[in-house]
Amino acid sequence: RSDGLLPEALVNRLSPAALVPLRKLVRAHQDVSDFDFAAAQALAHLGDGEIKPDLEAMLPAAREQSKNASGALEDYIWRIEVQTPPGALLEYISSVEPSGSRGKREWAVRRAYSLGVSPSAIRQAILAHDRNTSTRRERIELPRLRELGIELGILQEGDLPDVPPRLRVTP
């Protein structure tokens, strides 16, 4: 990938033994210019709490050097925290907490699903998010969540009938 990050499908296939060398890559460099963001992203996706203090330690320097780097580190820390324990993902999915960036709530649904959280619990969290939201801004993720939920077999076609289909841009 051109963004230097690892595809989620590959990260999900990493064995526990792979975490050790990934942690070494993250800890090897404490400067934003040579920091291994791909390794950090993989560990964060997997919820590796062991690396969280290292990410937090890097954050002040990243804030001084690069808004993009500090944003990435903040996201990695959030990903670790939001899935510890895995049930916390359901709290986030059902909340009206702004995602900060498109795709966070979708990521939370995919991550909960891949961690084996009950599909009915994920469904209830998505439906609760729908019930809890009222403003257009709060509801912006619902079309994609509905589409993803149906794709994963979490939602049924009749769920979220008031949510319009996601707009697609055609060339």
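## Buried contacts around helix α5 and beyond

R144 is buried, with a relative accessible area of 15%, which places this arginine below the 20% limit used for that word. The residue belongs to helix α9, which covers residues 142-152, and the side chain of R144 makes a polar contact with the side chain of E106 at 3.1 Å.

The model described here is predicted, and its confidence is worth noting before the details are read. Over the chain the pLDDT averages 87, and 89% of the residues score at least 70. Among the elements of the chain, the lowest mean pLDDT, 71, is that of helix α1 (residues 8-11), whereas the highest, 97, is that of helix α8 (residues 119-132). Where pLDDT is low, the predicted coordinates should not be read in detail.

### Helix α5 and its surroundings

Helix α5 runs through residues 67-82, a total of 16 residues, and spans 22 Å from its first C-alpha to its last, close to the 22 Å expected at 1.5 Å a residue. At the start of this helix, a side-chain oxygen of S66 comes to within 3.3 Å of the backbone nitrogen of N68. The buried residues of α5 are A69, S70, A72, L73, D75, Y76, I77, W78, R79, I80 and V82. Which helices do the buried residues of α5 pack against? They pack against α3 (37-45), α4 (52-65), α6 (88-94) and α7 (104-114).

### Rings and charges around W78

The count of aromatic pairs comes to 3. In one of them, the rings of W78 and Y92 have centres 5.0 Å apart and planes at 75°, so this pair is edge-to-face. The pair links distant parts of the chain, since W78 stands in helix α5 and Y92 in helix α6, 14 residues apart. Both W78 and Y92 are buried.

W78 also forms an aromatic pair with W107, and this one is tilted, with 5.7 Å from centre to centre and 55° between the planes. Because W78 lies in helix α5 and W107 in helix α7, the pair ties together parts that are 29 residues apart in sequence. W107 is buried, as is W78. Ring pairs thus link W78, Y92 and W107 into a cluster.

Charged side chains also meet rings of this cluster, and the table sets out the two arrangements.

| Charged residue | Ring beneath its charged end | Distance to ring centre |
|---|---|---|
| R79 | W107 | 4.5 Å |
| K104 | W78 | 4.4 Å |

R79, whose charged end sits over the ring of W107, is itself among the buried residues of α5. The ring of W78, which pairs with that of W107, has the charged end of K104 over it.

### Backbone features

Two places in the backbone call for separate mention. Most residues other than glycine have a negative phi, and most peptide bonds are trans. The peptide bond from T84 to P85, however, is cis, with omega near -5°, and P85 is placed in the loop between α5 and α6. L160, a residue other than glycine, has a positive phi, near 55°. This leucine is found in the segment after α9. Is L160 buried or exposed? L160 is buried, with a relative accessible area of 4%, a value under the 20% limit for buried residues.

Technical notes:
Residues are numbered from 1 along each chain as its sequence is written. This is a predicted model: local features need pLDDT of at least 70, side-chain atom pairs count only at pLDDT 80 or more; totals for chains, interfaces and linings use all residues. Side-chain values use heavy atoms; hydrogens and water are left out. Helices (H or I, at least four residues) and strands (E, at least two) are DSSP runs, numbered from the N terminus. The expected span of a helix is 1.5 Å times one less than its number of residues. Buried means under 20% relative accessible area, exposed over 50%, partly exposed in between (1.4 Å probe, protein chains only). Contact means heavy atoms within 4.5 Å. A polar contact is a pair of N or O atoms within 3.5 Å; within protein, one must be able to donate a hydrogen and the other to accept it, and residues adjacent in sequence count only if both atoms are side-chain atoms. pLDDT is the predictor's confidence in each residue, from 0 to 100. Rings of Phe, Tyr and Trp (its six-membered ring) pair if their centres lie within 6.5 Å; planes under 30 degrees apart count as stacked, over 60 as edge-to-face and the rest as tilted. A charge sits over a ring if NZ of Lys or CZ of Arg is within 6 Å of the ring centre and within 35 degrees of the ring normal.
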